[in-house]
Structures are given as structure tokens and as C-alpha cells.
Amino acid sequence: MNDTTASSAASSAQPLQPLRIDFVSDVACPWCAVGLKSLETALARVPDVRVDIHFQPFELNPQMVPEGEDIEEHLTRKYRSTPEQRKDIRAHLKQRGADVGFTFTEGARSRIWNTFDAHRLLHWAGLQSAQAQRDLKLALLTAYHTNGRNPGDRETLLDTVREIGLDAAEAARVFDSGEFADEVRESESLWQSRGISSVPAVVINEKYLISGGQPPEAFEQALRQIASEQQAPASA
């Protein structure tokens, strides 16, 4: 995969095939919320570019214990950040979220939680439809970063499934059975083997990588350029 930074806004003519977008992320990651909303803002600006989005699992803290960890303790230990640095980052995140229509509630994210079960249910939702998977992804990001709920908690997960109109009884069966654990681990290993070590990572057509919570303009420029390049052979 290659990093892509579009140098100019190319033609946005509709490609012959939808662009495949793999959105590798974790619901515990605040920048993933920014990245998703930025990507969706960009897609609204290029309605003639068709895409096929797949949400792929990544765990920022795969060894996190079920009871979680205080976020201040966690960030101090993991990143050696100071309280002042974390305050500045939170303010920056809040503004970046507001810019793309996502709300970060001050103090809501008080603990870091294990997110493996959330990824299992996201895998299940993807088997229902791409829209269901997207809706659950955004709802889980909101549950955690806006409402301060534990995204690994059974009740939170089932409430969120119910909220977006999916079958909560079937979700409960999946949760309790441990189903899709192997599939999630395989997907995580696959993306790690492809060099993904931080999220969000947006991979387009399994070739172009856009890293981090980029602004909508960066996604828009890249989508236009890649779509134009994809169509070029047919019009040559």
C-alpha cells in the first residue's frame, strides 16, 4: 500500500466499479470518530463517486482487562503525556469533532475498555448489510465518546443494536456464544500483516492508504483522484 496525498482535484467522473474502502478502526479511538465523519462528509461532496465501505477491526488495547482502566492513568502510562497535553488534545478533538458533526462530551470517556466483543457484533452487523455495519459503528462511537458508555459491555452493545433497528435477541445470542471471535482475530492479523499499526487507517482499492483523522478536504481530494485514475484506462 502507498500513502496517497492528492496533489490536485481531479475530475470526479463516476468510476466503472465502486471504490473499495476498508475503514480500519477501533470504537475506543476518538480519531476514528473524526475520520469516519470526515470521510462521510467528503463522500457527500462527491456523489458521483461510488464506494463500497467495509469496517475492519483493530484493537488499540487488545490486552485490556474487562473492568477497564482509568483513562488518565492509561494515557499517562502509555504515552507519557502530561495533564496539560491531554487537556489540549481533548480541546482539539472536540473542535475537530464539531467541525464534522460529532460530539465529544467532556469527561464522558473516563475509562478505557476492552472492545473485542464490539468488533464481534460489528462483524455480525456487516453480514446483515453494509448500512447496518456503518450504523452500528457510528452508534458505538457515539455511545462511548458522547454518552460515556462502555462499548464492551453486553447491555450497552445490545441497547445500541436495538437503537439502530437490528435484532437484539440475535445479537445477544452472538454475544453470549462467542461467535465470530475467530473471524475478528483473523481480520485483525490480516491488517496488521499489511502494515496497519495505528488507526484510523482508510485503505482505498487495497492500494492507497490515508492515515489518521484527516479533514474532509483530504478525503475528497483523494477520492476524486483515485476515481479519475480508475476510469482513465476506459476513456483512453
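**A buried glutamate, ring contacts and unusual backbone geometry**

In this predicted model, Glu69 has a relative accessibility of 17% and therefore counts as buried, since the limit for that class is under 20%. The residue belongs to strand E4, which spans residues 69–70. Its side chain is joined to that of Arg77 by a polar contact of 2.8 Å. Beyond its neighbours within four places in sequence, Glu69 is in contact with Met64, His74, Arg77, Ser110, Arg111 and Ile112. Arg77 thus appears both as the polar partner of Glu69 and among the residues listed as its contacts.

Aromatic side chains provide the next topic. Searching the whole structure yields two aromatic pairs. In the pair formed by Phe102 and Phe104, the ring centres are 5.0 Å apart and the planes meet at 65°, so the arrangement is edge-to-face; an angle over 60 degrees is what places a pair in that class. Phe102 is buried, at 4% relative accessibility. Phe104 is buried as well, with a relative accessible area of 10%.

Two arginines are placed over aromatic rings. Arg120 lies over the face of Phe175, 5.6 Å from the ring centre. The charged end of Arg194 is positioned over the ring of Trp191, at 4.9 Å from its centre.

The backbone also deserves attention. Most residues other than glycine have a negative phi, and most peptide bonds are trans. Against that background, which residues other than glycine have a positive phi? One of them is Phe180, whose phi is near 75°. Phe180 is located in the loop between helix H7 (168–177) and H8. With a relative accessible area of 11%, the residue is buried.

Asn205 likewise has a positive phi, of about 55°, although it is not a glycine. Its position is in the loop between E6 and strand E7 (208–211). Is Asn205 buried, exposed or partly exposed? At 27% relative accessibility, Asn205 counts as partly exposed, because this value falls between the limits of 20% and 50%.

The remaining backbone feature concerns a peptide bond. Val199 and Pro200 are joined by a cis peptide bond, with omega about 5°. Pro200 is found in the loop between helix H8 (181–193) and strand E6 (201–204). Helix H8 therefore serves as a landmark for two of these sites, as it borders the loop of Phe180 and also the loop of Pro200, while strand E6 borders the loop of Pro200 and that of Asn205.

Key. Residues numbered from 1 in each chain as written. Predicted model: local features only at pLDDT ≥ 70, side-chain atom pairs only at ≥ 80, totals over all residues. Heavy atoms only, no water. Phe/Tyr/Trp six-rings, centres within 6.5 Å; stacked < 30°, edge-to-face > 60°. Buried < 20%, exposed > 50% of the residue type's maximum accessible area, 1.4 Å probe, protein only. Lys NZ or Arg CZ within 6 Å of the ring centre and 35° of its normal. Helix = DSSP H or I, 4+ residues; strand = E, 2+ residues; numbered from the N terminus. Polar contact = N/O pair within 3.5 Å; in protein donor to acceptor, adjacent residues only side chain to side chain. Contact = heavy atoms within 4.5 Å.
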